[in-house]
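Colleague: I should be grateful for a close look at a single part of this model. Please take one helix together with its surroundings, and then move outward from there.

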Amino acid sequence: MPNRTRWVETLSPLQLASRHSSNFFRSCLVLWLGSALLDSGCHSGGGNVLAAGKTLKIDDLRRNDVATIEELYRVVYFGKNKMPGFGADCKPAGQCTFAARLSDDDVSQLAAFVLEKAEDGW
């Protein structure tokens, strides 16, 4: 039997998600990816390593008028200030990530995940 674990390890979570047709599987990967990104990247533990007043804590989200799924979706999809956009059709190119992009559904799930974590205090 082939070693499937080795194959999975060579793909990023987004590459793996894009190759799988199951919405449930993709949703699980998006939530895992969101958790991994938010726990180890710019927003570790809901913080912000670049701008202290722009954390993902609920008070900062409210103060910055992004404490709704719709506003979080917009920021994740198109980016804002130093944060690049991650949406599949994000424009202009200079504001968007050069890494793999997220589908509309993936961005929606990630926005909901961020808001839920913020409301729970991370």
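**Helix α5 and its surroundings**

Modeller: The buried residues of helix α5 are covered by elements that include α4 (58-63), β1 (79-80), β2 (83-84) and α6 (104-119). The model is a predicted one, and what follows should be read accordingly. Helix α5 itself spans residues 69-78, and its buried residues are L72, V75, V76 and Y77. Just after the helix comes G79, whose phi is positive, at about 80°.

Helix α5 also carries a salt bridge. The side chains of E71 and R74 meet there, with an N to O distance of 2.6 Å. These two residues are 3 apart in the helix, and so about one helical turn separates them. Neither partner belongs to the buried class: E71 is partly exposed, because its relative accessible area is 26%, and R74 is likewise partly exposed, with a relative accessibility of 32%.

Helix α4, one of the elements covering the buried residues of α5, contains a salt bridge as well. Here D60 pairs with R63, and the closest N and O atoms lie 1.9 Å apart. Again the partners are 3 residues apart, now in α4, which means a separation of about one helical turn. The exposure of the two ends is as follows: D60 has a relative accessible area of 7% and is therefore buried, whereas R63, at 56% relative accessibility, counts as exposed. The structure holds 2 salt bridges, namely the D60 to R63 pair and the E71 to R74 pair.

Strand β2 and helix α6 are also among the elements that cover the buried residues of α5, and the loop between β2 and α6 includes T97. With a relative accessibility of 12%, T97 falls below the 20% limit and so counts as buried. Leaving aside residues up to four places away in sequence, T97 touches P84, G85 and F86. Of these contacts, P84 is a residue of β2 (83-84).

There remains the disulfide. The count comes to 1, and the link joins C90 to C96 with an S to S distance of 2.0 Å. The angle about the S-S bond is -80°, and the link of C90 and C96 is left-handed. Both C90 and C96 are buried. Another cysteine, C42, is partly exposed, because its relative accessible area is 40%.

Notes: Residues are numbered from 1 along each chain as its sequence is written. This is a predicted model: local features need pLDDT of at least 70, side-chain atom pairs count only at pLDDT 80 or more; totals for chains, interfaces and linings use all residues. Side-chain values use heavy atoms; hydrogens and water are left out. Buried means under 20% relative accessible area, exposed over 50%, partly exposed in between (1.4 Å probe, protein chains only). Helices (H or I, at least four residues) and strands (E, at least two) are DSSP runs, numbered from the N terminus. Contact means heavy atoms within 4.5 Å. A disulfide is a pair of cysteine sulfur atoms within 2.5 Å. A salt bridge is a side-chain nitrogen of Lys or Arg within 4 Å of a carboxyl oxygen of Asp or Glu.
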